[in-house]
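Biologist: Got a minute to go through this one with me? I'd like to talk about the ligand site and then the backbone.

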Amino acid sequence: MSLRETAERLVEAETVVALTGAGASADSGIPTFRGKDGLWNKYDPRELATSEAFARDPERVWEWYLWRRRKIAEAEPNPTHTVLALMERDGLLEAVITQNVDGLHQRAGSRRVIELHGNIWRDECVSCEYHRVNDPERGEGLEYDELPPKCPDCGDPLRPGVVWFGEPLPHDALVEAENLARSCDVMLVIGTSGEVRPAADLPLVAKSCGATLIEINPSETALSSHMDVIIRERAASAIKALWGEIERLS
Ligand code: OAD
């Protein structure tokens, strides 16, 4: 399918949904997880992204998340985030389902963002219901007097509000994402390796319900063989070109 035909498919579709992964934020300078420069190539996820690691060494885990928060705070949304927000504004996109925890879709103006892996700006108590979402623009969540920070309600440690390996996904987010996967007629799969389930199952669910799958990714992925359309490019340039075609159609 040419870029123009892909744009036509998007415009004619009743319900378009995007599934994004770390590659969607790569053009904002935020590292991905897998691949040559990926975080999991430099750091062991078992030491940083599990509840066992947190129980063993909460200070080390927090230091790593504060480093990532600083990188995210310095980053700006890129054209992938911006175009998806414009598509939603114009009624061409129903929702963004994201595996990213950086909040860049929301910063770019997307309203319906389903966060499957939580949000890095959230602090949650390990014991009670206490939680808060920090606003880095107000200097929140970038440093703490002590690590781990303590829950103001019960005094137990706070943890970052992200999903760690071995933990279930937030129930409501997963149900909403599955419903969207079943009901959409096009799914844009942007910048994900498709290696982490259950997020990686969503395109397969969509396809089994008749949706067209469009992959935007410079590299082949575990999902590529299921795709109807593949754009082998970095997301920011690909989606800008796609948006250009969409604008020419209207
Ligand atoms: P990965 O790091 O596994 O994959 C990133 C994908 O982005 C790869 O397929 C790259 O080819 C692609 N990519 C790189 N640069 C790109 C660009 N400029 N434009 C488009 N694509 C690009 O990231 P995810 O698939 O998001 O989980 O990983 C899934 C989950 O694994 C993450 O949410 C995280 C991680 O462990 C948790 O933290 C729970």
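Biologist: Which domains does the shell around the ligand draw from?
Modeller: At least three residues come from each of domain 1 (1–30 + 77–117 + 169–250) and domain 2 (33–74 + 118–162); the bounds are from an automatic or database domain assignment. Mind that this is a predicted model, where local features need pLDDT of at least 70, side-chain atom pairs count only at pLDDT 80 or more, and totals for chains, interfaces and linings use all residues. Residues are numbered from 1 along each chain as its sequence is written, and side-chain values use heavy atoms, with hydrogens and water left out.

Biologist: OK, how many residues surround the ligand?
Modeller: 23, and the closest are F33, R34, T192, S193 and N217. To count, a residue needs a heavy atom within 4 Å of the ligand.

Biologist: Which helix gives the most to that shell?
Modeller: Helix α2 (residues 22–26), with 3 residues. Helices here are DSSP runs (H or I, at least four residues), strands are E runs of at least two, and both are numbered from the N terminus.

Biologist: What about polar contacts to the ligand's oxygen atoms?
Modeller: One oxygen atom is 2.6 Å from an N or O atom in the S193 side chain. For the H117 side chain, the distance from a ligand oxygen to an N or O atom is 2.8 Å. A polar contact is a pair of N or O atoms within 3.5 Å.

Biologist: Switching topic, where are the cis peptide bonds?
Modeller: One joins L147 and P148, with omega about -5 degrees, and P148 is in the loop between β5 (131–133) and β6 (158–162). Another joins R197 and P198, with omega about 5 degrees; P198 is in the loop between β7 (186–190) and α10 (202–208).

Notes. Polar contact = N/O pair within 3.5 Å; in protein donor to acceptor, adjacent residues only side chain to side chain.
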